[in-house]
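Dear colleague,

Please find below the structure that I am handing over to you. My notes on helix packing and on the nonpolar core follow it.

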Amino acid sequence: MFGQLLRKEFILIANTPMLFVMNTLYPIIIIGILPFATTMDIKSLNTIIIDQDRSSTSSELQQKFFQTGYFLPVDNAESILTFNQAYDLIEAGKADVVITFPKDFERNIINGNGSDLQLVVNSINATKGAMASAYSQQIVMLYQQQILAKFNPNSSSFGVSFHQKTLFNPNKNYKQFIVPGMITILVTLLAITMPAIGIVQEKEYGTIEQLNVTPVKPYQVLLSKALPYWIIIAGIMPILIVMGGLLYGLWPKGSFLGIEITSLLNAISFTGIGLIIANYSSRLQQLMFMIIFVLINVLLLGGIFTPVTGMPLWAQIIAKGLPIYYYVIDMRALFLRGSGLADIWQDVLILAGVALLLSVIALVTYRKRD
């Protein structure tokens, strides 16, 4: 009897192409690709140099930063002469590090008086901020030994004093970084799963055929499954915000309307993905397996746990095609940086376009299978 049951399951898998492909490709993709996406190595730190000394020593130390491959110059950074200009780029999320060389930097080192070097780090991503600080300290300490040997070999003290300032998350509290990410996960999980389950249950109960022969339009069927959960997401967002504030001391510094709008657009996008999967799934088990596969890839590639800039270029390209990539960036900007809708309007437009595209695909694929 057991042998017959086992044979039946193998026949079922062989006769269901989607199950066969998923069972073979799933472990290959997880093991072969995702470790690259989950690296904790921080690369591509967008860096602004404010060089008020413009000496050979300051230029040489700048090159030490850029030669590591971790620090990359921000476009047109040469035109930035004041910290206020640099701060605007940090606030907009376009810069991660600002390094300031004071006037007479080289002269003070040559005279043995020592000089200050200021580092300002954007620590919305606490891990990224901590690693930027560690990289910078290591570079400066190694260079100090070189300049002492060059200008003042008899001195036993360092020639450069390292001063650091951390913005947006001064205590580098990981909870403040991860709480907006957890809210992102909850919204995504609810949006992709529940409407899709509703469609597949209609198939399992045999009522989908009855719906398809009624005057009800396909978009009305799909919208009836999705709309209740969009309302739930909009209603639960204030509760999640209050919980984050009471439990972790993290109250949003930016626009509450921005949080609601981006959350709904992300929910609509992932509802579209869930409905597309549901349109090609005949059983609940098949649906859930597909959703788990999609979610693991999306969450690991979306930048919730590890920075996208540390991933290989091909993984970054994939990540920037996912709605969750823009959603998690906007959530952290709205919670930690105090951004408003005017600051994230480009991401909102991208999310709206993705949501519309996926909704249309969900509708078209439903029609093809009614």
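H11 and H14 (helices are DSSP runs of H or I of at least four residues, numbered from the N terminus) pack at an angle of about 165°, with their axes 10 Å apart. Axes are lines fitted to C-alpha atoms over the stretch in contact, and angles run from 0 to 180 degrees between N-to-C directions. The two helices, H11 and H14, are therefore roughly antiparallel (the term for angles over 145 degrees).

This is a predicted model, in which local features need pLDDT of at least 70 and side-chain atom pairs count only at pLDDT 80 or more, while totals for chains, interfaces and linings use all residues. Residues are numbered from 1 along each chain as its sequence is written, and side-chain values use heavy atoms, without hydrogens and water.

In the contact (heavy atoms within 4.5 Å), residues of H11 including Ile-259 and Ser-263 meet residues of H14, among them Tyr-327 and Phe-335.

Helix H10 (residues 218-248) also packs on H11 (residues 256-279): their axes come within 10 Å and cross at roughly 145°. Met-237 is one of the H10 residues in this contact.

Which residues touch the most other members of the largest nonpolar core? They are Ile-183, Met-237, Leu-287 and Phe-335, in a core of 60 residues. Such a core is a set of buried (under 20% relative accessible area, 1.4 Å probe, protein chains only) Ala, Val, Leu, Ile, Met, Phe, Trp, Tyr and Cys residues joined through side-chain atoms within 4.5 Å. H8 gives the most to this core, with ten residues.

Yours sincerely

Technical notes
Buried means under 20% relative accessible area, exposed over 50%, partly exposed in between (1.4 Å probe, protein chains only). Angles under 35 degrees count as roughly parallel, over 145 as roughly antiparallel, 65 to 115 as roughly perpendicular and the rest as oblique.
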